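Here are some short exercises to work through with the model open beside you. Try each task yourself before reading its solution.

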Amino acid sequence: MNNLPEVQQPDVDGEKNPQRRSEQQQHPQKPIISYFVRKLLAAAGVISIILGIFAFVFNPEWLLAVSILFGLFSIFIALIDILLFGHSTYLRGSHLMSALLSTVMGLVLLFRQDVAKDFIGLVFGFWILFNATSNLAQTWVPELLIGWQRLVGLVIGAIGLFLGLFLVLFTGYSTHDMQIILGVYTDLLGIFFLLVSFFSRKNDLNQPA
């Protein structure tokens, strides 16, 4: 009798493990963008479009006020990226990079008015470049944009890179040309934020799963 093989009891938990593993595999696929962050993204889109329109018409004498407005907006963008970084599942580094770049440009625009005054085209060129780089990085985050929305994000990022490089590498443009470039990209940036706010996959933390 001692030589009889032991009869193994069926693992009840083992029957549940495939289902549990399946649930665990599906769970990371759910984006984690809270209702609050979604509203902040919509607000950033509206503010960006308003700043873009303002950039078309502002007088160079208003440079101090314009720099402060764009600096505060950059800090606001950094706050949103920090919130996305804290709750994101995929490519969290893209949110962190965007937050750092936005913070740097915001501080420069707020506290280095001498730099903004003497090198306005260069400063706004780097502002556009940093935001365009962040757009391209975040476009590949599946919880933000997929399908045709991702294509729109890539186009906005590519246009931003081109416009930013133009302001940084060339010097023969006028202040009016710089205003047009700044206005065009800032409006496109607003469209990007609205795109993420309205079309990103919804899994709001404030709502039941």
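A residue counts as buried when its relative accessible area is under 20%. Keep in mind throughout that the model is predicted.

**Exercise 1. Find out whether Ser 102 is buried or exposed, and say which helix holds it.**

Step 1: Locate the residue; Ser 102 sits in helix α4.
Step 2: Take its relative accessible area, which is 7%.
Step 3: Compare this with the cut-off: buried means under 20%, so Ser 102 is buried, at 7%.
Step 4: Look across to Ser 134, which is 32 residues away along the chain; the two C-alpha atoms are separated by 9.1 Å.

**Exercise 2. Describe the overall make-up of the protein in terms of helices, strands and buried residues.**

Step 1: Count the secondary structure elements: there are eight helices and zero strands.
Step 2: Read them in order from the N terminus, which gives α-α-α-α-α-α-α-α.
Step 3: Turn to burial; of the 209 residues in the protein, 41% are buried.

**Exercise 3. Work out how α4 is oriented relative to α6.**

Step 1: Note that the two axes come within 9 Å of each other and cross at roughly 165 degrees.
Step 2: Apply the cut-off that angles over 145 degrees count as roughly antiparallel; α4 is therefore roughly antiparallel to α6.
Step 3: Add the handedness, since a crossing angle is only part of the description: α4 passes α6 in a left-handed crossing.

**Exercise 4. Do the same for α2 and α8, and describe the residues of their contact.**

Step 1: Identify the helices, with α2 covering residues 35-57 and α8 covering residues 175-199.
Step 2: Read off the geometry: the helices pack at an angle of about 165 degrees, and their axes are 7 Å apart.
Step 3: That angle makes α2 roughly antiparallel to α8.
Step 4: Sort the residues of this contact, which comprise 18 nonpolar, eight polar and two charged.
Step 5: Finish with the handedness; the crossing of α2 and α8 is left-handed.

**Exercise 5. Trace the aromatic pairs that involve Trp 127 and Phe 70 or Tyr 185.**

Step 1: Begin with the whole structure, where a search finds nine aromatic pairs.
Step 2: Examine one of them, Phe 70 with Trp 127: it is edge-to-face, with 5.2 Å centre to centre and 90 degrees between the planes.
Step 3: Place the partners. Phe 70 belongs to helix α3 (residues 63-87) and Trp 127 to helix α6 (residues 120-139), so this pair ties together parts 57 residues apart in sequence.
Step 4: Check burial: Phe 70 has a relative accessible area of 0% and is buried, and Trp 127 is likewise buried at 0%.
Step 5: Move on to Trp 127 with Tyr 185, an edge-to-face pair at 6.3 Å centre to centre and 85 degrees between the planes. Trp 127 in α6 and Tyr 185 in α8 are 58 residues apart, and their pair links distant parts of the chain.
Step 6: Tyr 185 is buried too, with a relative accessible area of 0%.
Step 7: Put the rings together; Phe 70, Phe 124, Trp 127 and Tyr 185 form one aromatic cluster.

**Exercise 6. Determine which elements contribute to the largest nonpolar core, and which gives the most.**

Step 1: This core has 41 residues, and those with the most contacts inside it are Phe 70, Phe 73, Ile 80, Phe 124, Trp 127 and Phe 193.
Step 2: Two or more residues come from each of α2, α3, α4, α6, α7 and α8.
Step 3: The biggest share belongs to α8, which gives 10 residues.

Notes. Residues are numbered from 1 along each chain as its sequence is written. This is a predicted model: local features need pLDDT of at least 70, side-chain atom pairs count only at pLDDT 80 or more; totals for chains, interfaces and linings use all residues. Side-chain values use heavy atoms; hydrogens and water are left out. Axes are lines fitted to C-alpha atoms, for helices over the stretch in contact, and angles run from 0 to 180 degrees between N-to-C directions. Helices (H or I, at least four residues) and strands (E, at least two) are DSSP runs, numbered from the N terminus. Angles under 35 degrees count as roughly parallel, over 145 as roughly antiparallel, 65 to 115 as roughly perpendicular and the rest as oblique. A crossing is left-handed if the near helix is turned anticlockwise from the far one by less than a right angle, and right-handed if clockwise. Ala, Val, Leu, Ile, Met, Phe, Trp, Tyr, Cys and Pro count as nonpolar, Asp, Glu, Lys and Arg as charged, and the others, Gly among them, as polar. Rings of Phe, Tyr and Trp (its six-membered ring) pair if their centres lie within 6.5 Å; planes under 30 degrees apart count as stacked, over 60 as edge-to-face and the rest as tilted. Buried means under 20% relative accessible area, exposed over 50%, partly exposed in between (1.4 Å probe, protein chains only). A nonpolar core is a set of buried Ala, Val, Leu, Ile, Met, Phe, Trp, Tyr and Cys residues joined through side-chain atoms within 4.5 Å.
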